[in-house]
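Here is a friendly walk through one protein chain, from its overall make-up to a few helix contacts. Have the structure open and follow along.

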Amino acid sequence: MWRWGSPSGSSAERAITPTVAPTIEPPANTLRTNVTVVGDYLSNALVWMDLDGDFLFDANEPSVRTNANGVATLDYSEQYSVNDYHLVAKAIAGETVDMRTGKTVTRDYYLTTPKGKNVITPLTSLTQGYVDQGQLLDDAVALVCQRLGQNQCDLFKDYVADKDHVQLGHARAYMNIMPSGASSEVSFSLALDNAQQIDDALAQWQLDNQLDSDSINWQLVDVVLDQAGIAQVNTAMAEDYLANRDIALVTLSASLERLATAAVEMGLNRQSTSISVPCAKSGSTGKAFQVGEVPNTVDGVVVTGAEVFDKCTLSYLERDMVQNGMIEYKGTYQNSAFGGDLLKQSGQVDYNLASNAYAEGVDFTTEAKAQSVASYNAANKNFAARSTGIIKLTVNGQLYLFKIGKDTDTLYYPYPHPVTGKHRFTSGSVSVFENTVETVYEVDQYGWWTEIAGQRYQVKEYAQE
């Protein structure tokens with residue numbers, strides 16, 4: 001029996017709660033703008049309007065601290081315009097809190113954004129670096145998007161709230177090379193130059209592990225600088241990721257079973273009027289009928305006794321699942337019953353799904369772009385199904401991205417066909433990958449099994465017949 005585990009880690013690590021000043025109305029002749037500072041959300045970071053253009057804080061510059069959501073409300077004199085000055089943020093060692101970990105940051109660093117923008121991130125800071133090197137703003141944005149592997153992107157958004165794991169993962173990596181101001185100078189142009197070592201480390205990591213960009217969960221990728229200042233990729237799963245991972249792995253097993261089962265069944269156990277099954281009687285051209293609703297005539301000939309059909313093909317669309325298949329068998333229709341001996345079958349399912357669900361205090365979203373192919377082995381009297389693709393699950397706001405399958409993965413489903421018997425997968429395995437971490441689901445007559453946090457669990461239990 002599956003038992004839910006409690007999140008790992010100590011609550012004491014999250015005990016830091018920054019003090020946030022109450023909101024007050026600005027005095028007369030004062031303007032106000034909201035500023036969001038995102039690495040992950042940075043609380044108690046210093047934010048100011050940079051009046052002299054040196055990216056350093058001066059006492060005469062309007063300033064404020066961010067709240068627990070990384071948001072600050074900056075009041076400034078009406079003689080100034082946010083379109084004319086940069087907004088700058090400073091994370092202060094021992095004071096500013098990274099709200100992802102609940103811990104204060106360990107070094108000072110600066111972030112900024114182009115003039116007229118009010119979202120401050122490592123990505124907007126690199127954008128300003130390009131502007132400082134002479135690029136127009138639109139061109140600077142395009143160049144940063146290219147570093148993320150995207151043709152175009154919105155860099156001036158809250159990527160944490162938007163659950164954009166590509167921007168989030170890269171921003172965490174680039175945080176390492178944001179200027180510290182240690183030399184009384186803050187240069188985002190120099191930070192941009194230093195970003196190349198981050199890009200090189202990520203590219204080498206992808207190459208070494210044969211990963212394509214679409215299958216990477218970027219929020220799991222953490223780049224750290226070693227003592228020599230060399231960028232190293234660390235893919236250890238963070239505490240916030242592990243908190244709901246067990247739920248994600250259990251939920252994933254149901255999606256994997258549904259995907260592979262659909263390729264085997266090809267709709268033949270469904271009494272859906274959307275399923276068209278053209279079948280051919282021996283020597284005839286064939287006629288469409290619905291499975292379970294075989295008419296009393298085929299090609300205009302009244303079926304009075306046992307009639308033999310030897311080929312069927314079908315395709316149908318059900319919700320976001322498209323199926324195409326071929327069946328060849330010796331089949332009979334007699335006394336309103338349909339059956340026979342299967343000779344051949346192949347089926348392919350393209351599974352494109354986006355759904356939301358809520359159960360027992362857990363928010364789920366599922367996004368899948370996957371495929372399963374099943375074929376019948378007459379000698380072994382079973383179906384073999386293999387699945388590939390990507391399934392993304394979001395559990396309580398945390399993204400889990402799984403790449404499905406490797407060449408040796410096969411699930412086996414015994415004959416008879418589902419239209420004449422109730423069966424399920426009884427052996428085989430399927431693997432999923434979270435970047436470089438492999439999880440294997442093994443299947444037997446009792447259900448689906450996998451290892452979570454070093455222990456073997458039954459994540460799906462079959463009712464025994």
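Of the contacts in the protein chain between residues at least 6 apart in sequence, 58% join residues at least 24 apart. Please keep in mind as you read that this is a predicted model. The protein chain has 6 helices and 27 strands, and 46% of its 465 residues are buried.

Let us begin with a sheet. Three strands form an open sheet with mixed pairing, in the order S5-S1-S10. Its edges are strand S5 (71-77) and strand S10 (119-120), each of which pairs on one side only. Strand S1 (residues 30-37) runs antiparallel to S5, and 7 bridges join the two. If you would like one pair to look at, asparagine 34 has threonine 73 in S5 as its bridge partner.

Now for the helices. How many of the residues of helix H3 (residues 165-174) are buried? The count is 10 of 10, so to speak of H3 as mostly covered is fair by the definition of buried as under 20% relative accessible area. The buried residues include His165, Val166, Gln167, Leu168 and Gly169, and also among them are His170, Ala171, Arg172, Ala173 and Tyr174. The cover over these residues includes H1, helix H2 (137-147) and H4, and it also includes strand S11 (222-225), strand S21 (382-395) and strand S22 (398-404).

Two helix pairs involving H4 are set out here.

| Helix pair | Axis distance | Angle | Crossing |
|---|---|---|---|
| H1 and H4 | 7 Å apart | about 110° | left-handed |
| H3 and H4 | within 10 Å | roughly 125° | right-handed |

Take helix H1 (residues 122-132) and helix H4 (residues 188-208), which pack at an angle of about 110°. H1 and H4 are therefore roughly perpendicular to each other. On the H1 side, the contact is made by Ser125, Leu126, Gly129, Tyr130 and Asp132; on the H4 side, by Phe188, Ser189, Ala191, Leu192 and Ala195. By class, the residues of this contact are 6 nonpolar, 3 polar and 1 charged.

Turning to H3 and H4, their axes cross at roughly 125°, which makes H3 oblique to H4. His170, Ala173 and Tyr174 of H3 meet Ala195, Ile198, Asp199 and Leu202 of H4 in this contact. Its residues divide into 5 nonpolar, 1 polar and 1 charged. You may like to pause at Ala195 of H4, which takes part in the contact with H1 and in the contact with H3.

Technical notes
Residues numbered from 1 in each chain as written. Predicted model: local features only at pLDDT ≥ 70, side-chain atom pairs only at ≥ 80, totals over all residues. Heavy atoms only, no water. Pairing = 2+ DSSP bridges. Helix = DSSP H or I, 4+ residues; strand = E, 2+ residues; numbered from the N terminus. Axes fitted to C-alpha atoms, helices over the stretch in contact; angles between N-to-C directions. Parallel < 35°, antiparallel > 145°, perpendicular 65-115°, else oblique. Left-handed = near helix turned anticlockwise from the far one by under 90°. Contact = heavy atoms within 4.5 Å. Nonpolar A, V, L, I, M, F, W, Y, C, P; charged D, E, K, R; others polar. Buried < 20%, exposed > 50% of the residue type's maximum accessible area, 1.4 Å probe, protein only.
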